[in-house]
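User: Hi! I would like to walk through the strands and one acidic residue of this model with you. Could you take my questions one at a time?

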Amino acid sequence: MATDRQQTTIRICAALLSIAILSAAPVRADDAQGVQRMYVLYCGESDTKDVSVWSPGVDVGKPREFSDSCYLIRHAKGLLLWESGVSDTIAAMPDGLTVGNGMLTLHVRKTLRSQLQELGIAPAAITHLGFSHFHGDHVGNVNLFTSAKLYIQQAEYDAAFGPDAAKSGFNPAFYNKLRDSETVKLDGDHDIFGDGSVVIYSTPGHTPGHQSLQVRLPKTGPVLLSGDAVHFGENWENRRVPARNFSQEQSLASMEKLAAILEREYATLWINHDKSQTDTLPHAPEFVE
Ligand SMILES: [Zn+2]
């Protein structure tokens, strides 16, 4: 017969064992809620001979290189592609493509399609689709993703799919195939999966319906993807607005909105075109959690 002390030890051991069993319980696939991981994809790059186009009166005549990123977000309820970068067709041009009267030269050293292939993801597997805005360096490959549900601000939709697309600097040839896509038209912020893990923030100014995206990563925490609400760190710190933006006033208000979100959510700002920051991020096939 066990003594009192032995029985106490047995009870403690049994309790510890049950805790161990509970904590070792396997996680079922449908228990892994929210965002699981995010891939940063190389989506082209560009360079300019005069960065002051983006920072009026500052660094006049100085060259600058820009990164261009796409983001693939794996959520328990779907696969979201945010941004689609510069057109893969430019990969075949050894000198790249110069646009905007010589303002910017675009290059693609590795196609978006090949990076998805490397991850074993067919374009048709993308279920949710969104872009910060409809300029060519963000919607260059969208015609690949016609089976996804599109999230777009009504103001951007009207500018991009209306009769005066060129006036906003949009080229419908890039995104014509999305006309028949299932489309969620927004007028403000939107929680895509309904659990607060992936939230679109309306940040107009660069274009009429520009938007930014917050992704709540399980280990990294919330990351705020700027789009072109700001183009690089110095413009962010000094609240500088490119002269060609659709609205100066809205651009400034959107930067203040993003600053308030960063503070409230303890989020990190990832600036799409800031090459020095983008170079520090792990790129696909690596991912962030
Ligand atoms: Zn851009």
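Analyst: Happily! This is a predicted model. To begin, V35 of β1 has its bridge partner in β2, and that partner is H75.

User: How many bridges join β1 to β2, and in which sense do the two strands run?

Analyst: β1 covers residues 35–48, and β2 covers residues 64–75. The two strands run antiparallel, and the number of bridges that join them is 11.

User: Is β1 mostly covered or mostly exposed, and how many of its residues are buried?

Analyst: β1 has 14 residues and is mostly covered. Buried here stands for under 20% relative accessible area. The number of β1 residues that are buried is 11.

User: Which residue in β5 is the bridge partner of S46, and which is the partner of L97?

Analyst: β1 and β5 run antiparallel and are joined by 3 bridges; within that pairing, E45 has H107 as its partner. On the β4 side, β4 (residues 97–99) also pairs with β5 in the antiparallel sense, over 3 bridges. For S46 the partner in β5 is L106, and for L97 the partner in β5 is likewise L106.

User: Which residue in the turn between β4 and β5 has a positive phi?

Analyst: β4 and β5 form a hairpin, with 4 residues between the strands. In that turn, a positive phi of about 60° belongs to G100.

User: Which residues of β5 point the other way from L104 and L106?

Analyst: L104 and L106 point one way from β5, and both are buried. The residues that point the other way are buried as well: T105 and H107.

User: What handedness does the unit made by β7, α3 and β8 have?

Analyst: β7 (residues 149–153) and β8 (residues 183–186) pair in the parallel sense over 4 bridges, with L150 opposite T183. Helix α3, residues 154–161, joins these strands in a β-α-β unit, and its handedness is right-handed.

User: D228 is buried. Which side chain of opposite charge is nearest to D228, and how far away is it?

Analyst: D228 sits in the loop between β12 and α4. A salt bridge would need a distance within 4 Å, and D228 has none. The nearest side chain of opposite charge is R244, at 12 Å.

User: Which side chains make polar contacts of 3.4 Å with the side chain of D228?

Analyst: Leaving aside neighbours within four places in sequence, D228 is in contact with several residues, including S132, D137, H210 and H273. H206 is also one of these contacts, and its side chain makes a polar contact of 3.4 Å with that of D228. A polar contact of 3.4 Å also links D228 to the side chain of H231. The two side chains asked for are H206 and H231.

Note on methods:
Residues numbered from 1 in each chain as written. Predicted model: local features only at pLDDT ≥ 70, side-chain atom pairs only at ≥ 80, totals over all residues. Heavy atoms only, no water. Pairing = 2+ DSSP bridges. Right-handed = clockwise from strand over helix to strand, strands pointing away. Buried < 20%, exposed > 50% of the residue type's maximum accessible area, 1.4 Å probe, protein only. Lys, Arg positive; Asp, Glu negative; His and termini not counted. Polar contact = N/O pair within 3.5 Å; in protein donor to acceptor, adjacent residues only side chain to side chain. Contact = heavy atoms within 4.5 Å.
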